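Thanks for sending this one over. Here are my notes on its aromatic rings and charged side chains, set out point by point.

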Amino acid sequence: MVASGEKYKKPNCKILKLSIIIPVYNAEKFLYKCLESVCNQDLPNSEYEIIIINDGSSDGSAKIIEDFQGKYSNVIGIKQENKGVSAARNAGLALAKGDYITFVDSDDFIKPNSLRNIMNYIEKHQLDVLYGKIEVLTIHEEQLYYFPETGKEGSVKSGVEHFRRTFPATFYKRDLIENLRFCEKISIGEDSLFNAIAQSKAKRVSYFASDYYSYRDTPNSLSSSEDFPKKTNAMRIAITEILHYKKENFPHATAIETKYFDEVVAIFLTRIVQWNVLPTLEKSKFLRFKKWVEENQLTYLLEKLSLEFPYINKAFTPFCFFQKVSRLKKLILRR
């Protein structure tokens, strides 16, 4: 395993089709299955590389990575001090040589012999971005459900017209994201922000319904934790970043482009309401949210949010009353 920034030997091949980037932090419980799934595929080892970033793990992850690196010629192990998942993915992006790039989280795994069909589909349709089929599992691998289909198989649309999914298990053309990196200032929503920017650049986006990715719904992740202030701040940063990107790259946005970015921002605003306003229903938090929205000239999006949070576009009293009545009804129905 080499330290971050050191040179590594590129797999011996004429055409490197794919780079798979796997950030790892104290993941020994699930890591072996994850790496086994990406190594035992139906693509020749010479056609894809697996870049594993050990982000300062203190458990047995390093030994597992070294074992796979010794066994498979296309596995590259990189070690760095703990900097977070965004920095780990960025380290992988800096090294990736494949024509396409995707990410796998270390507690997840991919289906056996699934990569050849995916790469054939990508090449057939000359895609910039491809979404695959994702199943959600418990930590014990009991199936819960499938993610909704992100588009229609066989249909190819531009990035601003195609459905979007906020998850890193997506295939990106390397040329598309050559200068794009994950925001290291946030530890939640970083994949949503990265994806939104990447897809806005894309000319050809599609969905492939072949089984590909198995996602473990682990209860200890930040997305499922109750660190509401940290999560809320991350959403504000994400909104600021996406608005800046839009201003710089889409100064004369069309109606379709405007709708695309509005939907992205609305998702982040929704999370702020869920994590900052709803838990306590404090008037001060409601007013601070409304003020922040106004300062960022996003008041027009409150109408859209009101479909999910009635009266969020009105005064605090009707909003609070509606939420309390809704909670009471839910309690009654549970009895």
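1. A word on burial before anything else: a residue is called buried under 20% relative accessible area, exposed over 50%, and partly exposed in between, using a 1.4 Å probe and protein chains only. Please keep in mind that this is a predicted model, in which local features need pLDDT of at least 70, side-chain atom pairs count only at pLDDT 80 or more, and totals for chains, interfaces and linings use all residues. Residues are numbered from 1 along each chain as its sequence is written, and side-chain values use heavy atoms, with hydrogens and water left out.

2. Let us take the rings next. Rings of Phe, Tyr and Trp (its six-membered ring) are paired if their centres lie within 6.5 Å; planes under 30 degrees apart make the pair stacked, over 60 edge-to-face, and the rest tilted. That rule gives 17 aromatic pairs. One of them joins Phe68 and Tyr72, which are stacked because their ring centres are 5.9 Å apart and their planes lie at 15°. Phe68 is buried, at 5% relative accessibility, and Tyr72 is buried too, at 11%.

3. Phe182 and Phe194 make another stacked pair, since their centres are 4.0 Å apart and the planes are at 5°. Where do the two residues of this pair lie in the chain? Phe182 is in the loop between strand E9 (170–173) and helix H5 (190–201), while Phe194 is in helix H5, so the pair links distant parts of the chain, twelve residues apart. Helices (H or I, at least four residues) and strands (E, at least two) are DSSP runs here, numbered from the N terminus. Both partners are buried: Phe182 has a relative accessible area of 4% and Phe194 one of 2%.

4. The Phe182 and Phe194 rings also have company, as Phe103 and Tyr172 join them in one aromatic cluster. Phe182 has a charged neighbour as well: the charged end of Arg89 sits over its ring, 5.1 Å from the centre. For "sits over", NZ of Lys or CZ of Arg must be within 6 Å of the ring centre and within 35 degrees of the ring normal. Lys33 does likewise with Phe109, its charged end lying over the ring at 4.4 Å from the centre.

5. Now for the charge pairs. Side chains of opposite charge can pair when their charged atoms come close. A salt bridge here is a side-chain nitrogen of Lys or Arg within 4 Å of a carboxyl oxygen of Asp or Glu, and the whole structure holds twelve of them. Lys17 bridges to Glu123, with the closest N and O atoms 3.6 Å apart. This pair links distant parts of the chain, 106 residues apart: Lys17 is in the loop between strand E1 (2–3) and strand E2 (18–24), and Glu123 is in helix H4 (residues 115–125). Lys17 is buried at 19% relative accessibility, whereas Glu123 is partly exposed at 32%. Together with Glu47, these two residues form a network of salt bridges.

6. Which residue does Lys259 meet in a salt bridge? Its partner is Glu263, at 2.7 Å from N to O. Because the two are four residues apart in helix H7 (residues 255–277), about one helical turn separates them. Lys259 is exposed at 53% relative accessibility, and Glu263 is partly exposed at 33%.

7. One last pair to look at: Arg174 and Glu178 form a salt bridge, their closest N and O atoms being 3.8 Å apart. Arg174 is partly exposed, with a relative accessible area of 22%, and Glu178 is partly exposed at 39%.
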